[in-house]
Amino acid sequence: MKKFINDPNDVVAEALAGLAAAHPELRVDPAERYVARSDAPHAGKVALVSGGGSGHEPLHGGFVGAGMLDAACPGEVFTSPVPDQILAATKAVDGGAGVVHVVKNYTGDVMNFKMAAELAADEGVTVETVLVDDDIAVQDSTWTAGRRGTGATLLVEKIAGALAEEGGKLGEVAAIGREVNAASASFAYALTAGTTPAAGRPGFDLPDDEIEVGVGIHGEPGRRREKLRPARELVRSALDAILEAKPIDSGDRVIVLVNGLGGTPLIELYLVYGEVATVLAERGVEISRRLVGNYVTSLDMAGLSITVTRVTDEMLRLFDAPVRTPGLRWGA
Amino acid sequence: MKKFINDPNDVVAEALAGLAAAHPELRVDPAERYVARSDAPHAGKVALVSGGGSGHEPLHGGFVGAGMLDAACPGEVFTSPVPDQILAATKAVDGGAGVVHVVKNYTGDVMNFKMAAELAADEGVTVETVLVDDDIAVQDSTWTAGRRGTGATLLVEKIAGALAEEGGKLGEVAAIGREVNAASASFAYALTAGTTPAAGRPGFDLPDDEIEVGVGIHGEPGRRREKLRPARELVRSALDAILEAKPIDSGDRVIVLVNGLGGTPLIELYLVYGEVATVLAERGVEISRRLVGNYVTSLDMAGLSITVTRVTDEMLRLFDAPVRTPGLRWGA
Amino acid sequence: MDVTLAITWLRAVADSVAADADELTKLDSAIGDGDHGVNLRRGFTAVTALLDGTEFTGVGDVFVRTGGTLISKVGGASGPLYGSAFRALGKALPPGPVVTLPDLAGGLRAGLDAVSALGGAIPGDKTIVDAYRPALAAFEEAVIGGAALPEAAAGAARAAGDGARATISLTARKGRASYLGERSAGHQDPGATSTWLIFQALADVTAP
Amino acid sequence: MDVTLAITWLRAVADSVAADADELTKLDSAIGDGDHGVNLRRGFTAVTALLDGTEFTGVGDVFVRTGGTLISKVGGASGPLYGSAFRALGKALPPGPVVTLPDLAGGLRAGLDAVSALGGAIPGDKTIVDAYRPALAAFEEAVIGGAALPEAAAGAARAAGDGARATISLTARKGRASYLGERSAGHQDPGATSTWLIFQALADVTAP
Ligand SMILES: Nc1ncnc2c1ncn2[C@@H]1O[C@H](COP(=O)(O)OP(=O)(O)O)[C@@H](O)[C@H]1O
Ligand SMILES: Nc1ncnc2c1ncn2[C@@H]1O[C@H](COP(=O)(O)OP(=O)(O)O)[C@@H](O)[C@H]1O
Ligand SMILES: [Mg+2]
Ligand SMILES: [Mg+2]
Ligand SMILES: [Mg+2]
Ligand SMILES: [Mg+2]
């Protein structure tokens with residue numbers, strides 16, 4: 001394993017120190033392990049808190065700031081944060097109007113956030129949880145852990161964050177977050193696995209001509225392997241799956257996220273976005289907004305995910321609202 | 001080679017098509033192969049044109065927009081653009097006040113831009129050229145091609161672009177670009193080589209425990225190989241070299257760029273920035289601004305570069321000025 | 001079981017988790033995200049520090065604090081699950097420095113109930129439950145049959161091992177491995193394996 | 001040399017560049033950025049299209065347009081250098097469909113001058129110049145000695161090959177390989193190698 005680190009055990013702590021040094025506008029609590037807007041709490045404002053394993057940067061710490069998250073709790077690499085951490089962040093940013101937890105649907109994240117929410121309730125903080133489960137590569141079923149949360153997390157955090165910023169009530173902020181999630185579908189491909197500092201070797205091995213189809217952002221293997229195909233075919237397959245899984249039809253407007261998983265160059269992401277635009281145009285789906293870049297990553301995994309979110313006027317308005325975070329910034 | 005592409009020969013053209021689809025605020029000319037602000041030319045405004053081989057995205061196409069470049073000319077992967085292309089872009093954005101060419105110091109780039117500037121002069125467009133040569137890993141000498149242009153290109157484009165935006169004259173815009181370059185020094189490490197679509201295999205092979213020291217952004221091998229060391233030591237060596245090469249002393253203010261070369265996760269870049277901040281604090285150098293991310297890349301190379309630019313008040317003011325491009329955006 | 005034995009058991013778990021961390025991580029890499037070994041090692045290292053530095057008021061207290069430490073340090077799925085299990089075990093025990101074998105059996109049952117309540121897994125889902133449940137059944141049966149702790153613990157460890165190995169053929173329906181669907185079959189569940197380690201440690205430290 | 005021979009030569013260059021593109025790229029990967037073969041193949045593919053679709057007014061016209069095409073299509077360092085060389089060669093030739101051997105020698109010298117003027121390289125810098133200059137010297141010597149084109153071309157090709165091989169021991173001072181400093185020694189220069197291919201093609205198409 002070759003990485004720019006010191007000791008594998010110190011990666012998260014040292015990266016947090018770097019984040020703190022790089023962003024004076026953030027408050028990083030190294031002991032409690034959370035990243036907060038330094039101007040939080042805002043009295044009367046609903047606060048958004050998210051978190052999850054590290055290794056997905058800029059998610060979540062890079063999305064803390066005006067118009068998006070009030071705090072983020074980074075766990076160890078690919079490991080959900082612990083309840084104490086989430087509780088500390090929740091209390092630190094609560095402005096009395098309640099806190100929305102944005103939680104990606106992984107067993108560990110769900111349980112740790114649930115425990116934290118219960119502890120917060122004991123201390124008088126009302127928490128609403130928005131569960132993100134957009135990864136339609138995973139079969140949905142009440143008998144399983146359900147679908148994973150991936151790219152849509154960014155859109156939930158942006159849109160719900162904007163509503164909170166303009167004074168939305170706890171129930172409204174949570175509701176629009178859930179709506180965005182329900183209207184979103186994602187699908188990912190990996191060309192290589194990422195390497196966690198602790199494991200020191202790639203999470204899985206892929207032959208030189210094969211890809212993981214439907215891979216997860218923690219290097220969870222996908223549902224199957226395939227021979228590598230041209231980008232245009234991969235995009236078509238992914239969009240077929242997405243449009244089948246969600247009711248996105250001709251005439252609908254969408255936000256598209258073409259998201260790199262960490263090791264894929266931007267030139268490929270743009271090429272893929274071009275293919276997405278072609279296919280969606282054929283289907284009569286209008287791309288109202290789009291993001292192309294590395295937003296929800298999986299360490300150094302070469303791969304990408306495509307997220308499509310069917311949007312309303314209100315969602316678009318909130319998406320366009322100013323945001324000022326290390327990882328996403330406009331209008332400010 | 002596994003990449004999200006169709007045919008290796010079409011990568012640049014198809015990525016440009018994707019860029020065009022993703023950014024309606026840019027005008028992409030697929031035949032002439034340039035990317036321009038769609039509101040260019042601005043009468044009376046000095047225009048900035050840059051370009052170079054593709055594979056360094058977001059450089060340069062991602063830095064086209066208000067407050068930065070007026071146009072960018074992407075060549076083939078790692079191959080400088082041709083004079084026709086540069087001439088077409090230059091003419092397309094010239095607002096009558098002259099055009100500044102920002103050229104990274106590579107023999108091919110220098111010659112192709114020089115030819116384009118001569119052709120432009122023939123057509124009555126005045127061109128000033130700012131040569132960027134910040135990579136101090138390369139020995140400087142009048143007998144060689146000199147130093148390469150790398151990370152400082154971003155700062156030259158941002159700061160000179162801001163001055164052009166607020167009405168700076170041709171000579172002034174070029175002058176501040178040259179000042180920024182003169183005040184900048186960069187140093188890069190690679191853990192792996194990038195793979196060009198055409199070659200289909202990594203540009204060099206590195207043993208599992210070795211790094212290239214002083215690598216270039218086209219996968220030019222560095223000046224030597226070393227065993228991998230902890231990030232903290234690599235940062236110290238790079239900063240020693242940088243501070244020795246440029247007169248940056250205690251009490252000086254700097255902008256720091258910790259730049260990923262494409263395959264290095266953000267968590268490592270932040271960790272490295274933390275080390276940079278520690279070392280510069282020890283030396284009494286004040287980091288006034290910083291950027292941490294993938295800005296000047298080398299396809300999927302795992303590696304990073306550190307750029308330090310000693311700044312004046314004027315440079316800081318221009319750095320802070322609004323910018324609205326796909327790759328860099330604030331205040332707008 | 002007295003406080004000293006409880007501590008001895010937990011130290012043995014810490015040792016065995018540290019020794020097998022790579023193996024657990026390898027199992028988790030195959031059908032999960034490759035952190036189970038590191039997660040538990042981090043957690044039980046913290047438990048060891050807790051055991052070193054704390055005066056406990058009773059056996060229950062040892063387990064309650066152990067559970068709390070695991071919840072605070074492990075993260076992921078296994079942190080809340082094991083943490084809640086140990087907390088429930090500790091809370092179910094009567095106060096005081098010594099508890100009886102039936103007390104312990106009842107506590108272990110409370111631990112399993114906590115895992116089930118929190119994680120919602122049923123037998124056959126390819127989780128911790130698939131080792132824990134047969135281990136508990138063997139333990140209870142031995143206790144009812146009049147066995148002493150060493151024998152009950154040995155039976156529980158055997159049953160946990162059988163249960164863990166039997167997860168190989170299962171298709172996961174809970175936890176991260178469930179995303180793999182049928183591809184999860186053919187691999188032993190990391191959580192069931194660490195549960196086996198926990199029961200094996202109890203058998204080892206009580207073995208005559 | 002007449003228009004047909006000029007065209008035949010350039011087609012032979014195109015074929016040989018295409019055949020050896022991987023080899024040139026491999027040389028360029030070692031001390032550069034690995035695109036020299038692809039660059040020249042792209043350029044000479046465009047030259048082939050030019051040759052297919054154009055009525056030329058003379059030998060000089062063939063070379064001038066070839067140079068222009070290379071400048072427009074190749075990019076990198078080699079595009080302007082080879083492009084300027086062919087343009088200079090073409091411009092130095094007298095107008096008309098046939099040129100003499102001394103005309104051609106003078107044109108080739110103009111080409112080398114263009115490379116030197118644009119790139120500033122001197123002999124020993126490990127560049128195109130290190131193959132071109134000895135090739136030109138051999139060509140001129142043969143012409144002065146009264147040799148015919150086939151013989152002059154064969155001598156030039158031999159000298160270019162020797163020059164290219166001699167770049168192996170050189171430390172680059174110009175172009176991308178110069179960044180490597182002393183690590184550039186031990187590798188044959190890609191540009192000198194493609195210059196050899198160009199002269200070899202002339203020898204091949206004129207060989208009796
Ligand atoms: N709902 C559940 N109930 C019981 N055990 C579970 C459940 N979900 C996951 N597990 C167990 O957790 C183990 C994985 O733990 P770990 O790797 O530490 O967490 P994560 O999956 O969050 O990375 C699995 O092997 C499985 O045995
Ligand atoms: N200043 C120069 N003068 C003559 N030849 C040069 C000069 N600089 C570079 N070259 C030649 O160009 C070759 C590289 O061409 P190419 O790979 O196409 O361009 P680039 O270096 O821009 O990638 C080198 O091998 C060298 O022979
Ligand atoms: Mg995990
Ligand atoms: Mg090149
Ligand atoms: Mg795991
Ligand atoms: Mg080259």
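The following questions and answers examine domain, chain and ligand contacts in a predicted model.

Q: What makes the pair Arg317(A) and Glu166(A) a salt bridge?
A: A salt bridge requires a side-chain nitrogen of Lys or Arg within 4 Å of a carboxyl oxygen of Asp or Glu. For Arg317(A) and Glu166(A) the closest N and O atoms are 2.8 Å apart, so the pair meets the cut-off of 4 Å. Across the interface of domain 1 of chain A and domain 2 of chain A, the rule finds 1 salt bridge and 18 residue pairs in polar contact, both residues at pLDDT 80 or more. On the side of domain 1 of chain A that touches domain 2 of chain A, the elements giving two or more residues are α4 (152-165) and α5 (170-182) of chain A. Of these, α4(A) gives the most, with 7 residues. That side divides into 21 nonpolar, 8 polar and 8 charged residues.

Q: How do you know where domain 1 of chain A ends and domain 2 of chain A begins?
A: The bounds are taken from the domain assignment, which gives domain 1 (11-183) and domain 2 (184-322) of chain A. The C-alpha centres of the two domains lie 22 Å apart. Their contact takes 37 residues from domain 1 of chain A and 40 residues from domain 2 of chain A.

Q: What makes up the area buried between domain 1 of chain A and domain 2 of chain A?
A: About 3,100 Å² is buried between these domains, and carbon and sulfur atoms give 65% of it. Phe78(A), Ile136(A) and Ala183(A) supply 19% of the area that domain 1 of chain A buries against domain 2 of chain A, more than any other three residues.

Q: Why is the site of ligand 1 called shared between chains?
A: The site is shared because residues from chains A and C surround ligand 1. There are 21 residues around this ligand, and the closest are Asp33(C), Asp35(C), His36(C), Ser78(C) and Asp189(C).

Q: What makes the approach of His36(C) to ligand 1 a polar contact?
A: A polar contact is a pair of N or O atoms within 3.5 Å. An N or O atom in the side chain of His36(C) is 2.9 Å from an oxygen atom of ligand 1, so the pair satisfies the cut-off of 3.5 Å. A polar side-chain atom of Asp189(C) lies 2.5 Å from an oxygen atom of ligand 1. Gly191(C) takes part through a backbone N or O atom, 2.9 Å from an oxygen atom of the ligand.

Q: Why is the site of ligand 2 also described as shared between chains?
A: Ligand 2 is surrounded by residues from chains B and D, and its site is therefore shared between chains. Of the 21 residues around ligand 2, those that come nearest are Asp33(D), His36(D), Ala77(D), Ser78(D) and Asp189(D).

Q: What makes Ser78(D) a polar partner of ligand 2?
A: A polar side-chain atom of Ser78(D) lies 2.5 Å from an oxygen atom of ligand 2, and the pair qualifies because the cut-off is 3.5 Å. In Asp189(D), a side-chain N or O atom is 2.5 Å from an oxygen atom of ligand 2. For Asp35(D), the corresponding distance to a ligand oxygen atom is 2.9 Å.

Q: How do you know that Glu212(B) and Arg183(D) form a salt bridge?
A: Their closest N and O atoms are 3.0 Å apart, and the limit is 4 Å, so the pair counts. The rule finds 1 salt bridge across the interface of chain B and chain D. Here 35 residues of chain B are in contact with 30 residues of chain D. The buried area is about 2,600 Å², of which carbon and sulfur atoms give 56%. Met111(B), Met115(B) and Pro221(B) supply 20% of the area that chain B buries against chain D, more than any other three residues.

Q: Why is the pair Glu14(A) and Arg232(B) called a salt bridge?
A: The N to O distance between these side chains is 3.5 Å, which falls within 4 Å, and therefore the pair qualifies. The count between chain A and chain B is 4 salt bridges. These chains bury about 4,500 Å² between them, 66% of it on carbon and sulfur atoms.

How values were computed. Residues are numbered from 1 along each chain as its sequence is written. Chains are lettered from A and ligands numbered from 1 in the order in which they are written. This is a predicted model: local features need pLDDT of at least 70, side-chain atom pairs count only at pLDDT 80 or more; totals for chains, interfaces and linings use all residues. Side-chain values use heavy atoms; hydrogens and water are left out. Domain bounds come from an automatic or database domain assignment. Contact means heavy atoms within 4.5 Å. Buried area is the accessible area (1.4 Å probe) that two parts lose on being put together, summed over both. A polar contact is a pair of N or O atoms within 3.5 Å; within protein, one must be able to donate a hydrogen and the other to accept it, and residues adjacent in sequence count only if both atoms are side-chain atoms. Helices (H or I, at least four residues) and strands (E, at least two) are DSSP runs, numbered from the N terminus. Ala, Val, Leu, Ile, Met, Phe, Trp, Tyr, Cys and Pro count as nonpolar, Asp, Glu, Lys and Arg as charged, and the others, Gly among them, as polar. A residue is near a molecule or strand if one of its heavy atoms lies within 4 Å of it.
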